[in-house]
Structures are given as structure tokens and as C-alpha cells.
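Biologist: I would be grateful for a close look at a single part of this structure, namely one of its charged pairs, followed by a connected account of the other local features that deserve attention at the bench.

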Amino acid sequence: MSDETLELMMRLALNRPKASMGFGWQGGEPTLAGLDFFRKAVELQKEYGRSMRISNALQTNGILIDDQWVDFLKQYSFLVGLSLDGPKHIHDRYRINHAGAGSHEKVEQVAETLVKQGVAVNAIAVINSYSAQFAEETYRYFKELGFEYMQFIPCVETDPDNPKASASFSVSSEQYGKFLCDLFDLWEADWKDGKPTTSVRTLDTFMGMYLGNESAECPYRHTCGDYLVVEHNGDVYSCDFFVEDAWRLGALDDGTTLQEKLNGNRQRLFARMKSRISDTCLRCPWLTLCYGGCTKDRIRDPRDKRQNHFCKAYKTFHAYTHERFEALAKEFIK
């Protein structure tokens, strides 16, 4: 992203009455933009958002993080999502460099440094067909590293050689359902004095829903589309999973504001696409905890474009945890 595009984005995003604004920096690998790019971003935030509370989140594989990066991230309170899939045999299964070597040793070192230096950091693990077998090992590994906050993101992609099948590394619905149940057991066992002692994003989200709140994650809401994606060239899209022509909302320099793009007809159409679910979903007892899941997980499952790839997983998980979530919610309120 050029300096001119960066400044335009900041000016448009911050030039409106609002108490707070959040920026999520993703890639590819966003640290490839260089530390000076992010220093400039912060200075522009100070310039254009003087009366606002501004937050920044950075999702990174950690490879380029050094002491200068750590100091910067800590100074400006960046929330760091560190891509670490688990212990070495899990992480290095797919996270290898151009020479075929794994990256686990480096990323683990970065994790230890970020935790030790007090940087706000989450472990982000991608759950694939291999890592799904190791819920307990991964959870305990993260705790040993000092992570209090964890995210587990299921992976499903269409096979590029066979558009009617999922890619071989995709986690199946059955695998993911068991993984979530195992994860819940571990998370629940770590509750103390009526409160969880570890944060697992998806479980926190469902806990919040049992407490009467709206889902903190868009996959489990009735509709989605409440943020915008800005690409390096200034093009604006509906969602980071749908950076494609059909969902291009325009560009930063096209004369319309970001608020107009967010509230425009095309973005509303995108948001409503999530609510177009199958009759099976409408009859499901877990509808209000799922709402059909993330739209991308329907599109990328070649079997049924209105049925979520993880439908069986959610049914298994909710049947397994429903009464226990209700009990935990009562304990938490008490």
C-alpha cells in the first residue's frame, strides 16, 4: 500500500463523528510492509483521529518480528494474533518455507518473547485435517507458553483439481465437531470461582450468547457485513473472504465515503446473503446459535451452497454442550 493510499484510508476512516475505530492489519503477511509503514499509520491515526479511541490488531506469522517490532507493538498497544498451529509436529505440517523447512522454532521464540514483554497476543491456530486430532495437546501447549487467549479457525477450501470436493487438508465436519467438544471439556475444566481462566474465542462467543448477548463473531449472527476491507490499491470489499469482483464496493478515491459504502445497497445485499439458509437450517433446534454459520463455509463446500460445511460439527457440539453452557451461565451470573 502506498503512503498516499494509506493516508487517504486514514482520513476517510477517521473523519466522522465516532468514539472509537478499529483497524485490523492482515495480508498475506502484513509485516512485509515494514515497520516504518506501521509507524506512519500510527502517526496518521494521531493526526486524523485526535478525539477518538483507536485500536490496532495485527495478524502475523511472526517470522519478521524482532526486538524493534516488539517495542513498537507494546508501545502502541497492538493486539497481535500470532499464527501458531501448535507443537512442532502440528505447526510444521503445513507452515514451511520456500526451502521446505518448518517455521516452528522461530514462531515459538516470538511467542515466548511477546508474552514475556507483555504484548497483547493471541495464539491463532488453523484447524486442518491433521491438527484436528490434537485438541488437548495444542490447548495445553498454548497454556505452557503463557497464552491466556486462543483462537481456533477451521480450514476448508475447495480442491483446485476437483471443484466438487474439498481440499485434502480441509478439516471435515465430523473432525471439527469432535475437536470443539474436546476443546470445551478442557476449557470448562479450567473454570474457577464461576469464571473461565482461559479465553477460547469461539467458546467465549457462545458463552456470551447463553448470557443473552449478540454473537461477538459474525459467523453466528443472523446477518453479517459490519466491517469493510481495504486492499493495497485502495479497492474496498465487503469481507476478507470475498475479495472478488462481485463484492467490490468501490475504491477509496471514488468520491463516496466509507460510511456510504458500508450502508450501501451492495453491502446490504451481501449481509442478507448469510440469512438465505436451507430449510434444514430453519428447522434446526440450534438455529439461533448458528444461523447457518459463515457464508464462506457454504460457498466452499461443493455439496450444497446453502448448507454449511460444518453443519454436523455444530449440531454435535451444541448437543454436547447445551446443558453445560446453561449451567455455566447460571454460575457466571450468580
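Modeller: R221 counts as buried because its relative accessibility is 15%, under the 20% cut-off for that class. This value, like every other given here, comes from a predicted model. The partner of R221 in a salt bridge is D226, and the closest N and O atoms of the two are 2.4 Å apart. D226 is partly exposed, with a relative accessible area of 45%. The pair therefore joins a buried arginine, R221, to a partly exposed aspartate, D226. Side chains of opposite charge can pair when their charged atoms come close.

The structure holds 15 salt bridges, and others may be set beside this pair. One of them links R140 with E136, where the closest N and O atoms are 3.0 Å apart. Both residues belong to helix α6, and because they are 4 residues apart, about one helical turn separates them. R140 is partly exposed at 38% relative accessibility, and E136 is partly exposed as well, at 45%.

A further salt bridge brings together the side chains of K296 and D297, with 2.8 Å from N to O. Here K296 counts as buried, at 8% relative accessibility, and D297 is also buried, with a relative accessible area of 3%. Elsewhere, salt bridges with shared partners connect D185, E188 and R324 into one network.

Helix α13 (296-299) leads on to helix α10, since α13 is among the elements that cover the buried residues of α10. Helix α10 spans residues 265-273, and Q267, F270, A271 and M273 are buried in it. These residues lie on the same side of α10, because they cover an arc of only 155° around the axis. Besides α13, their cover includes β11 (248-251) and α9 (258-262).

Another buried position is M9, which lies in helix α1 (residues 3-14). Its relative accessibility is 8%, so M9 counts as buried. Leaving aside residues up to four places away in sequence, M9 touches M1, W25, V230, L252 and L258. The C-alpha atoms of M9 and L44 are separated by 9.7 Å, although these positions lie 35 residues apart in the chain numbering.

N128 is a polar residue to consider next. The loop that holds N128 runs between β4 (121-127) and α6 (135-145), the helix in which R140 and E136 are found. With 4% relative accessibility, N128 counts as buried. A polar atom of the N128 side chain lies 2.9 Å from the backbone nitrogen of Y130. When residues up to four places away in sequence are not counted, N128 touches Y94, F169 and V171.

On the surface, L32, I63 and L64 form a nonpolar patch, and together they have about 280 Å² of accessible area. I63 is located in the loop between β2 (53-60) and α3 (67-75). I63 counts as partly exposed because its relative accessibility is 37%, which falls between the 20% and 50% limits.

Some backbone features complete the account. The peptide bond from G27 to G28 is cis, and its omega is near 0°. G28 itself lies in the loop between β1 (20-25) and α2 (35-48).

S77 has a positive phi of about 55°, although S77 is not a glycine. This residue is placed in the loop between α3 and β3 (79-83). At 58% relative accessibility, S77 counts as exposed.

Y291, likewise not a glycine, has a positive phi of about 50°. Y291 belongs to the loop between α12 (287-290) and α13, and α13 is one of the elements that cover the buried residues of α10. Y291 is partly exposed, with a relative accessible area of 21%.

To return to the part requested, the salt bridge in question is that of R221 with D226, at 2.4 Å between the closest N and O atoms.

Technical notes: Residues numbered from 1 in each chain as written. Predicted model: local features only at pLDDT ≥ 70, side-chain atom pairs only at ≥ 80, totals over all residues. Heavy atoms only, no water. Helix = DSSP H or I, 4+ residues; strand = E, 2+ residues; numbered from the N terminus. Buried < 20%, exposed > 50% of the residue type's maximum accessible area, 1.4 Å probe, protein only. Polar contact = N/O pair within 3.5 Å; in protein donor to acceptor, adjacent residues only side chain to side chain. Contact = heavy atoms within 4.5 Å. Patch = residues over 30% accessible without salt bridge, like charges linked within 9 Å, V, L, I, M, F, W, Y side chains within 5 Å. Areas by Shrake-Rupley, 256 points an atom, 1.4 Å probe, with all protein chains shown as cover. Salt bridge = Lys/Arg side-chain N within 4 Å of Asp/Glu carboxyl O. Arc of directions from axis to C-beta.
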